[in-house]
Amino acid sequence: MTTIPAIRKAEMDCQEFSNNMKIYDDDYFFVMKELNDSLPSLTPTEETVDRNYSFSPPPPGSSPFFFFNGAREFKERRGIPPIAQMPDILFNGTNLVIRTHLRDALLAMEIPGLFMHPSVYIDEKDHWHEDFWFLIFSKRFDCWDRKKSDYNPEPIRLGGFNLHSIYSYSLDEEKLNNTPLNQRLLFKMGETQEAFTLCHKSLANIFRDSGTRLITIAGFENA
């Protein structure tokens with residue numbers, strides 16, 4: 001016969017398990033571009049494209065990546081002025097390009113698989129902004145829960161991977177439980193078409209900037 005204390009312990013264990021499942025969704029943010037039409041849309045030069053810049057870390061000491069505002073003419077035709085003050089974080093698609101002081105903060109974290117390469121942004125007035133670094137992740141971390149996330153079940157096949165379009169996310173607690181925190185502080189989401197960058201809440205202040213939005217896991221659906 002099951003005793004009252006045993007029932008209460010089971011209820012507490014169940015509640016603790018439920019809380020642990022929820023904690024991971026509360027602990028991470030998508031690092032996304034701010035909704036501001038004046039922000040530049042970083043586009044790589046042909047030389048940078050040829051270097052497979054967003055996937056493979058280049059040899060140490062190699063030349064910087066170069067970017068320009070690919071939406072310049074579009075914005076000029078519509079009278080959208082350039083951003084008055086350059087943010088500390090710029091975006092090339094979902095890839096992040098950050099200032100040196102942010103790079104130094106991330107270096108101190110010793111994040112496995114993260115490489116940062118010097119980069120130059122050439123603005124609308126042909127001014128070179130050389131104080132930037134492009135974030136490259138040698139591997140992506142597939143940690144979204146197939147049972148709790150809402151996604152298109154028919155992926156596209158690219159580079160040997162099945163890439164899904166995700167409508168809403170929930171993180172896989174088992175994978176996160178089995179991955180030390182220092183290995184999942186900052187990562188690109190795997191097995192998705194968008195490959196957004198996620199940061200742990202302990203790094204959130206590094207990525208709070210005039211050019212970014214930090215979106216919770218629950219808030220992604222309406223982002």
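This passage walks through the predicted model of a protein chain, from its overall make-up to the surroundings of one serine.

A good place to start is the chain as a whole. The protein chain comprises 6 helices and 14 strands. Along the principal axes, its C-alpha atoms fill a box of roughly 80 × 40 × 35 Å. The chain has 223 residues, and 44% of them count as buried. Its accessible surface amounts to about 12700 Å², with 52% of that area belonging to carbon and sulfur atoms. Among contacts in the chain with a separation of 6 or more, 69% link residues that are 24 or more positions apart.

The next feature to look for is a sheet. An open sheet is formed by 6 strands, arranged in the order 2-3-6-7-5-4 with mixed pairing. Its edges are strand 2 (42-44) and strand 4, each of which pairs on one side only. On average, neighbouring strands of the sheet are turned by 40° against each other, direction ignored. At one edge, strand 2 pairs with strand 3 (residues 65-69) in the antiparallel sense over 3 bridges. Within this pairing, Pro44 has Phe67 of strand 3 as its bridge partner. Helix 4 packs on the sheet and touches strand 4, strand 5, strand 6 and strand 7, while its direction makes about 105° with that of strand 5.

Strand 5 deserves a closer look. All of its residues, 5 of 5, are buried, so strand 5 is largely enclosed by the rest of the structure. On one side, strand 5 is joined to strand 4 by 4 bridges, and the two run antiparallel. Leu90 has its bridge partner in strand 5, namely Val97. The hairpin of strand 4 and strand 5 has 2 residues between the strands, and Gly93 in this hairpin takes a positive phi near 65°. Strand 5 is also joined to strand 7 by 3 bridges, again in an antiparallel arrangement. Here Arg99 stands opposite Phe132 of strand 7.

The packing of nonpolar side chains adds to this picture. The largest nonpolar core contains 22 residues, and those with the most contacts inside it are Ile98, Leu106, Leu135, Leu186, Leu203 and Phe207. At least two residues of this core come from each of strand 1 (28-33), strand 4 (89-92), strand 5 (95-99), helix 4 (100-107), strand 6 (114-122), strand 7 and helix 6 (204-207). Apart from this core lies another, of 18 residues, which include Tyr24, Tyr28, Cys143 and Met189. Beyond its neighbours within four places in sequence, Ile98 is in contact with residues including Ile89, Leu106, Met116, Phe132, Trp133 and Leu135. Its contacts also include Asp88, Arg103 and Asp131.

Finally, Ser149 offers a view of a loop. This residue is found between strand 7 (128-137) and strand 8 (150-151). Is Ser149 buried or exposed? With a relative accessible area of 9%, Ser149 falls under the 20% cut-off and is therefore buried. A polar atom of its side chain lies 2.8 Å from the backbone oxygen of Asp145. The side chain of Ser149 also reaches the backbone nitrogen of Ser170, at 3.0 Å. Leaving aside neighbours within four places in sequence, Ser149 is in contact with Trp144, Ser168 and Tyr169 as well as Ser170.

Conventions: Residues are numbered from 1 along each chain as its sequence is written. This is a predicted model: local features need pLDDT of at least 70, side-chain atom pairs count only at pLDDT 80 or more; totals for chains, interfaces and linings use all residues. Side-chain values use heavy atoms; hydrogens and water are left out. Buried means under 20% relative accessible area, exposed over 50%, partly exposed in between (1.4 Å probe, protein chains only). A polar contact is a pair of N or O atoms within 3.5 Å; within protein, one must be able to donate a hydrogen and the other to accept it, and residues adjacent in sequence count only if both atoms are side-chain atoms. Contact means heavy atoms within 4.5 Å. A nonpolar core is a set of buried Ala, Val, Leu, Ile, Met, Phe, Trp, Tyr and Cys residues joined through side-chain atoms within 4.5 Å. Two strands pair if DSSP finds at least two bridges between them. Axes are lines fitted to C-alpha atoms, for helices over the stretch in contact, and angles run from 0 to 180 degrees between N-to-C directions. Accessible areas come from the Shrake-Rupley method with a 1.4 Å probe; for residues, only the protein chains shown count as cover.
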